[in-house]
Amino acid sequence: MLIKVCGITNVPDALYSNESGSDLIGVILSDKSPRRGTVDLVNELSGFGLEVVAVYTSIEEALKNQGEEKYAQLHFRTSIQDVEGIKDTGRRVISVVNLDDPDFIDYFKYIKQKSDMILLEKRSGIKELIPSISNLLQKNVGIAGKIGPSNIDEIVKLNADFIDLSSSLEKYPGKKDVRLIDDFFRRLRNHELIN
């Protein structure tokens with residue numbers, strides 16, 4: 001199981017998350033987010049050898065902000081052509097499927113054709129949808145939505161390929177809490193999902 005810690009806004013939080021067990025470090029490149037990062041931060045973290053995911057909220061930004069990230073996460077509805085356009089820049093693509101959309105299954109099937117990974121997200125909490133999405137949890141499909149230390153014991157039973165978490169590890173938006181990070185990864189180690 002891959003772990004992505006998202007909403008990173010500074011180097012110390014990124015390094016601590018990585019040293020604790022995070023495989024991917026997410027930097028949100030959106031002026032609308034309280035967890036806004038920068039392309040400079042993406043490049044700095046990549047320079048440390050971290051696998052960085054740049055999170056975009058529009059195709060224009062995703063094509064323009066070509067930093068040194070390994071992954072571009074497209075946090076908006078997009079097309080296969082857009083996904084291919086991003087991949088042509090040498091980045092891998094994580095496409096987000098919003099589970100609040102009524103036709104999310106159709107979009108999931110469509111966008112999965114070309115995406116490297118799919119992130120199923122329900123911002124109010126993924127746990128309540130577990131029975132209805134278990135058949136979607138295929139290879140390279142992850143989940144996000146209120147995942148943290150308090151519910152990871154239930155979440156791991158889904159056997160998702162990766163999980164994405166952010167606010168559940170924070171002191172406040174944009175600043176991680178080392179105690180929450182330690183608690184989360186300790187619980188994961190109890191399930192023998194990471195070293």
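Here are some short exercises, each with a worked solution, on the predicted model shown above.

**Exercise 1. The barrel**

Work out which strands form the closed barrel, and in what order they follow one another.

*Solution.* Start with the order of the strands. The closed barrel has eight strands and runs β1-β2-β3-β4-β5-β6-β7-β8, with parallel pairing. Next, look at the twist, which averages 25° from one strand to the next.

Now check where the barrel closes. β1 and β8 pair in the parallel sense over four bridges, and the bridge partner of Leu2 in β8 is Phe162. On to the neighbour β2: two bridges join β1 to β2, which run parallel. Here Lys4 has Leu24 in β2 as its bridge partner.

Finish with one more pair. Strand β4 (residues 71-74) and strand β5 (residues 92-98) are joined in the parallel sense by four bridges, and Ala72 stands opposite Val93 in β5.

**Exercise 2. A glutamate in a strand**

Decide whether Glu121 is buried or exposed, and find its polar partner.

*Solution.* First place the residue: Glu121 belongs to strand β6 (residues 117-121). Then compare its accessibility with the cut-off. Buried means under 20% relative accessible area. Glu121 has 14% relative accessibility, so Glu121 counts as buried.

Next, list its surroundings. Leaving out residues up to four places away in sequence, Glu121 touches His75, Val96, Val97, Asn98, Leu99 and Ala144. One of these, His75, is also the polar partner: the side chains of Glu121 and His75 make a polar contact at 3.1 Å.

**Exercise 3. Helix α8 and its packing**

Find how far helix α8 reaches, how its N-terminal end is capped, and what its buried residues pack against.

*Solution.* Take the length first. Helix α8 covers residues 178-190, which is 13 residues, and reaches 18 Å from its first C-alpha to its last. That is close to the 18 Å expected at 1.5 Å a residue.

Now the cap. Asp177 caps the N-terminal end of α8, with a side-chain oxygen 2.9 Å from the backbone nitrogen of Arg179.

For the packing, begin with the buried residues of α8, which are Ile181, Asp183, Phe184, Phe185 and Leu188. An α-helix has 3.6 residues a turn, so residues three or four places apart point the same way. The buried residues of α8 pack against β1 (2-5), α1 (11-20), α7 (152-155), β8 (162-165) and β10 (175-176). As for direction, α8 lies across β1 and β8 and runs at about 175° to β1.

**Exercise 4. An aromatic pair**

Classify the geometry of the pair formed by Phe184 and Phe185.

*Solution.* A pair of aromatic rings is described by the distance of the centres and the angle of the planes. The count here comes to one aromatic pair. Phe184 and Phe185 form an aromatic pair with 5.1 Å from centre to centre and 85° between the planes. Planes over 60 degrees apart count as edge-to-face, and the pair of Phe184 and Phe185 is indeed edge-to-face. To round off the picture, both Phe184 and Phe185 are buried.

**Exercise 5. Helix α1**

Identify the cap of α1, its buried residues and what covers them.

*Solution.* Begin at the N-terminal end, where Asn10 caps α1: a side-chain oxygen of Asn10 lies 2.8 Å from the backbone nitrogen of Asp13. Asp13 is also among the buried residues of α1, along with Val11, Ala14, Ser17 and Ser20. What covers these buried residues includes β1, β2 (24-28), α2 (39-47), β10 and α8. Just after α1, Gly21 takes a positive phi of about 140°.

**Exercise 6. Positive phi outside glycine**

Locate Asn140 and Lys146, and give the phi of each.

*Solution.* Asn140 sits in the loop between α6 (130-133) and β7 (141-144). Its phi is near 65°, a positive value in a residue other than glycine. With 28% relative accessibility, Asn140 counts as partly exposed. Lys146 lies in the loop between β7 and α7, and the phi of Lys146 is near 60°, again positive in a residue other than glycine.

Notes: Residues are numbered from 1 along each chain as its sequence is written. This is a predicted model: local features need pLDDT of at least 70, side-chain atom pairs count only at pLDDT 80 or more; totals for chains, interfaces and linings use all residues. Side-chain values use heavy atoms; hydrogens and water are left out. The expected span of a helix is 1.5 Å times one less than its number of residues. Buried means under 20% relative accessible area, exposed over 50%, partly exposed in between (1.4 Å probe, protein chains only). Contact means heavy atoms within 4.5 Å. A polar contact is a pair of N or O atoms within 3.5 Å; within protein, one must be able to donate a hydrogen and the other to accept it, and residues adjacent in sequence count only if both atoms are side-chain atoms. Two strands pair if DSSP finds at least two bridges between them. Axes are lines fitted to C-alpha atoms, for helices over the stretch in contact, and angles run from 0 to 180 degrees between N-to-C directions. Rings of Phe, Tyr and Trp (its six-membered ring) pair if their centres lie within 6.5 Å; planes under 30 degrees apart count as stacked, over 60 as edge-to-face and the rest as tilted.
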